[in-house]
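Biologist: Could you take one part of this model, look at it closely, and then follow the threads that lead out from there? I would rather have one connected account than a list.

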Amino acid sequence: MSERFYSDARLYDRLFAGGEPATEFYRAEAEKQGGSVVELGCGTGRKLIPIASAGYPCTGLDLSADMLTEAQRKADERALAVEWVRGDMREFDLGRTFDLVFIAANSLLHLHETADLLGCFRSVRAHLAPGARFVFDVFNPNARFLADADGVRRTRDGLSFVDPDRGDVRVDVAETYDAAAQVTRGTWYFSAESEPDFLVAPLELRSIFPQELPLLLSAAGLRLVERFGDWSGGPFTSDAPIQLCVCESD
């Protein structure tokens, strides 16, 4: 349901510019592990390319050919040898193990069904070398925010950006929350002054609540070692914005 949202890779990068604290966190994790790295849902390589630049052998897996094409272009610009693989994180086989597997930027939340999450986690476990770690971040569900998802289209001022061809781009979002499925169903509207609604795209993300997360991991043979609430390694609390999880094989 969210494929159209990722159909313009360069537009995606302008929308989500920045993100340096997250990039630095994952680069530090790669340094701790000191070996090969694979990112699932790698997109345009925003997190993985800096890790490859630090000298670690890197592989990126993503379902979107458009995102991988942009990732390859960016890696080529920097003369970096990164392996880009088109694949589905729900079930994959890269034929070898890695010292670090990570999923960044809520990409895990594109998996809505419990069976899909378990399939992903089991595939991850099969790709972990001895002593390897699996690290990912997802948002910490906020009950008040979910309850306020009333389907009304509103401008998100913090998401506005400048496009070199269109000028200032405004982003509006309308969301509803399906409590039974634990899925927020949104429609994103991108508009420029001369081109209103030049892109209208659905984006649907699952919520994974704090108490269910260790159970999902355990069912797939993984163990939650640490959970942080921010990129500086602060403690995870009820009002933390993210769940930053570090896992190992059980």
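## A buried ring and its surroundings

Modeller: Phe190 is a good place to begin, for its relative accessibility is 2% and the residue therefore counts as buried, the limit being under 20%. The model is a predicted one, and what follows should be read in that light. Phe198 is also classed as buried, with a relative accessibility of 15%. Both residues belong to a cluster in which ring pairs link Phe5, Tyr6, Tyr12, Phe16, Trp188, Phe190 and Phe198. The cluster can be set against the count for the model, which comes to 15 aromatic pairs. One of these joins Phe25 to Tyr26, an edge-to-face arrangement with 5.8 Å from centre to centre and 90 degrees between the planes, and both of those residues are buried. The pair formed by Phe190 and Phe198 has ring centres 6.4 Å apart and planes at 45 degrees, so this pair is tilted; the reason is that an angle under 30 degrees would have counted as stacked and one over 60 as edge-to-face.

Charge also meets the rings here. The charged end of Arg166 is placed over the ring of Phe198, at 3.8 Å from the ring centre, so that Phe198 takes part both in this contact and in the ring cluster. Arg153 lies over the face of Tyr189, and there the distance to the ring centre is 3.9 Å.

From Phe198 the path leads to helix 5, since strand 10, which spans residues 195-206, is one of the elements against which the buried residues of that helix pack. The others are strand 1 (37-40), strand 4 (98-103), strand 5 (128-139), helix 7 (213-219) and strand 11 (222-228). Helix 5 itself runs over residues 114-126 and has 13 residues, with 18 Å from its first C-alpha to its last, close to the 18 Å expected at 1.5 Å a residue. Its buried residues are Leu117, Leu118, Gly119, Cys120, Phe121, Ser123 and Val124.

Leading up to helix 5 is the loop from strand 4, and Ala105 is placed in that loop. The phi of Ala105 is positive, about 60 degrees, although this residue is not a glycine, and its relative accessibility of 41% makes it partly exposed. Gln182 likewise has a positive phi near 60 degrees without being a glycine; its place is in the loop between strand 8 (167-178) and strand 9 (183-192).

Strand 1, another partner of helix 5, leads on to a loop that ends at helix 3 (48-53), and Lys47 is found in this loop. Lys47 is buried yet forms no salt bridge, the nearest side chain of opposite charge being that of Glu39, 6.3 Å away; this is why the two do not count as bridged, since a salt bridge needs nitrogen and oxygen within 4 Å. Beyond its neighbours within four places in sequence, Lys47 is in contact with Gly19, Ala22, Thr23, Glu39, Phe102 and Ala104. Leu48, in helix 3, is buried with a relative accessible area of 0%. With residues up to four places away in sequence left aside, Leu48 touches Val37, Glu39, Cys58, Thr59, Gly60, Val82, Trp84 and Phe102. Glu39 and Phe102 are thus among the contacts of both Lys47 and Leu48.

The residue before Lys47 in the numbering behaves otherwise, for the side chain of Arg46 meets that of Asp13 in a salt bridge, with 3.8 Å from N to O. That pair links distant parts of the chain, as Asp13 belongs to helix 1 (residues 9-15) and Arg46 to the loop between strand 1 and helix 3, 33 residues apart. Asp13 is buried at a relative accessible area of 13%, whereas Arg46, at 22%, is partly exposed.

The count for the model comes to 25 salt bridges. A local example is that of Glu24 and Arg27, whose closest N and O atoms are 2.1 Å apart; because they are 3 residues apart in helix 2 (residues 20-33), about one helical turn separates them. Glu24 is partly exposed with a relative accessible area of 42%, and Arg27 is partly exposed with 28%. Arg90 and Asp88 form another bridge, at 2.5 Å from N to O, while Arg10, Glu70, Arg73, Glu77 and Arg78 are joined in a network of salt bridges.

Notes
Residues numbered from 1 in each chain as written. Predicted model: local features only at pLDDT ≥ 70, side-chain atom pairs only at ≥ 80, totals over all residues. Heavy atoms only, no water. Phe/Tyr/Trp six-rings, centres within 6.5 Å; stacked < 30°, edge-to-face > 60°. Buried < 20%, exposed > 50% of the residue type's maximum accessible area, 1.4 Å probe, protein only. Lys NZ or Arg CZ within 6 Å of the ring centre and 35° of its normal. Helix = DSSP H or I, 4+ residues; strand = E, 2+ residues; numbered from the N terminus. Expected span 1.5 Å × (residues − 1). Contact = heavy atoms within 4.5 Å. Lys, Arg positive; Asp, Glu negative; His and termini not counted.
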